[in-house]
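Open your viewer and get ready to click along. We will go from stop to stop, selecting a few pieces at a time.

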Amino acid sequence: MYQKFLAYKHCRTFQALLKPKECTAGLFLLLVIKSTAPNIDRRVTIRNTWGKGGVINGVKVKLVFLLGITERFLGQPLYQSLATEYRQYGDILQWDFQDSFFNLTLKEIHFLRWFATDCSSAKYVFKGDDDVFVNVFNIIEYVKYFNPDRDLFVGHILYNAIPKRNKKLKYFIPDIMYKNKAYPPYAGGGGYVMSRRTVLQLHQVAADVDLFPIDDVFVGMCLFRLKITPVPHNGFRTLGVPDAFMFDPCLYKDLIVVHRLNPAQIWIMWSLVTDTNFRCAKDEKDSARKLNVNLI
Ligand SMILES: *[C@@H]1O[C@H](CO)[C@@H](O)[C@H](O)[C@H]1NC(C)=O
């Protein structure tokens with residue numbers, strides 16, 4: 001896998017197979033979700049819950065899924081079902097490369113390119129995985145105090161992460177791929193938020209940065225070159241929350257993203273977060289306090 005990665009590292013341009021319509025003027029927030037063809041249930045869930053899009057709290061929100069190719073799933077080639085999904089929802093952006101763990105960085109640079117050409121009207125971008133719960137209302141509230149044409153990169157920031165040198169681990173990186181002792185600061189890939197300016201800057205600098213198999217770290221390397229300091233925020237729980245708090249809706253009212261939820265968990269949280277009759281003024285502080293004790 002590593003040899004293959006190094007051998008193909010210079011191939012950085014693949015054709016788009018499916019493309020959403022160009023973004024329109026006045027788009028406030030673009031939700032960009034890394035998915036794969038077989039994850040149909042996750043896309044259905046996101047479209048029907050937090051990723052609905054349209055006008056939310058007075059601003060325009062749009063959802064796009066990023067996909068590569070999956071040759072076969074359940075013995076079926078998936079291009080036909082994807083084409084049907086695309087016709088119905090128009091929210092799929094797919095390129096002609098294999099959807100594999102080591103190709104996630106390819107997905108990243110292709111997304112940056114598409115944004116620069118087709119979607120730079122968007123003021124802010126949330127980029128994340130297809131197994132997260134996102135409180136879009138909180139993102140809108142948070143970014144409205146910023147300027148989209150100034151740099152902003154916010155998420156769960158990891159500092160001084162050390163490359164895994166044990167061959168058996170998923171994120172193993174041999175010395176020849178990365179010599180330094182630690183990675184530059186980077187955001188957990190479960191989800192982070194960027195301003196338009198930062199996305200465009202990342203697009204420019206990415207052309208000069210060698211592809212690196214871990215996409216979150218690759219983005220960290222680009223930020224480092226740009227001298228953009230990623231901003232840490234407690235509301236990004238890319239490592240998940242303890243089971244005991246999973247269905248504590250007050251908790252979700254404070255959060256921006258929670259990683260590793262299945263579709264059922266996302267539906268339940270969505271119903272709780274959008275229940276306007278629900279009040280948890282007192283409990284809210286309580287659960288946040290409990291969460292801090294457990295996680296920080
Ligand atoms: C990435 O995608 C390309 C094009 O489909 C493929 O040739 C290559 O093997 C993939 N790389 C990895 C590491 O999976």
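Two strands count as paired if DSSP finds at least two bridges between them. Keep that in mind at the first stop, and remember throughout that this is a predicted model.

**Stop 1: a sheet of three strands**

Select strand 7 and strand 12, which covers residues 257–259. Three bridges link strand 7 with strand 12, and the pairing is antiparallel. To see one place where they meet, click valine 134: across from it, in strand 12, is valine 257.

Now add strand 11 to the selection. The open sheet has the strand order 7-12-11, and its pairing is mixed. Which strands are at the edges? They are strand 7 (132–134) and strand 11 (236–237), each pairing on one side only.

**Stop 2: one valine, two partners**

Next, select strand 8 together with strand 9. These two run antiparallel and are joined by five bridges. Add strand 10 (residues 231–232): strand 8 and strand 10 run parallel, with two bridges between them. As a reminder, strands of a sheet pair through backbone hydrogen bonds, either parallel or antiparallel.

Zoom in on valine 154. What is its bridge partner in strand 9? The partner there is valine 193. In strand 10, valine 154 has valine 231 as its bridge partner.

**Stop 3: a glycine in strand 9**

Stay with strand 9 and pick glycine 188, which is found in this strand. Is glycine 188 buried or exposed? Its relative accessibility is 6%, so glycine 188 counts as buried, the cut-off being under 20%.

Show what surrounds the residue. Beyond its neighbours within four places in sequence, glycine 188 contacts His156, Leu158, Asp216 and Thr238. You can also draw a distance line to glycine 220: the two C-alpha atoms are 9.9 Å apart, while the residues lie 32 places from each other along the chain.

**Stop 4: the nonpolar cores**

In soluble globular proteins, nonpolar side chains tend to be buried together. Here, the largest nonpolar core has 46 residues. Select Leu30, Phe111, Trp114, Tyr183 and Phe212, which touch the most other members of this core. Among the elements that each supply at least two of its residues are strand 2 (27–34), strand 4 (59–69), helix 4 (104–118) and helix 7 (215–226).

A second, separate core has 43 residues, including Phe28, Leu29, Leu63 and Val154. The last of these, Val154, is the valine whose partner in strand 9 is valine 193.

Then click phenylalanine 111. Setting aside residues up to four places away in sequence, phenylalanine 111 touches Leu30, Val32, Leu66, Trp95, Val125, Lys127 and Val199.

**Stop 5: helix 2 and its neighbours**

Finish with the helices. Two packed helices are described by the angle between their axes and the distance between the axes.

Select helix 2 (residues 40–48) and helix 9 (residues 263–273): they pack at an angle of about 5°, and their axes are 10 Å apart. Helix 2 and helix 9 are therefore roughly parallel. Asp41, Arg42, Thr45 and Asn48 of helix 2 make the contact with Pro263, Ile266, Trp267 and Trp270 of helix 9. Coloured by class, this contact shows four nonpolar, two polar and two charged residues.

Now swap helix 9 for helix 3 (residues 79–89). Helix 2 and helix 3 also pack at about 5°, with axes 13 Å apart, and they are therefore roughly parallel too. Look for Ile40, Arg43 and Arg47 of helix 2 meeting Ser81, Leu82, Glu85 and Tyr89 of helix 3. This contact has three nonpolar, one polar and three charged residues.

Key: Residues numbered from 1 in each chain as written. Predicted model: local features only at pLDDT ≥ 70, side-chain atom pairs only at ≥ 80, totals over all residues. Heavy atoms only, no water. Axes fitted to C-alpha atoms, helices over the stretch in contact; angles between N-to-C directions. Helix = DSSP H or I, 4+ residues; strand = E, 2+ residues; numbered from the N terminus. Parallel < 35°, antiparallel > 145°, perpendicular 65-115°, else oblique. Contact = heavy atoms within 4.5 Å. Nonpolar A, V, L, I, M, F, W, Y, C, P; charged D, E, K, R; others polar. Core = buried A, V, L, I, M, F, W, Y, C linked by side-chain atoms within 4.5 Å. Buried < 20%, exposed > 50% of the residue type's maximum accessible area, 1.4 Å probe, protein only.
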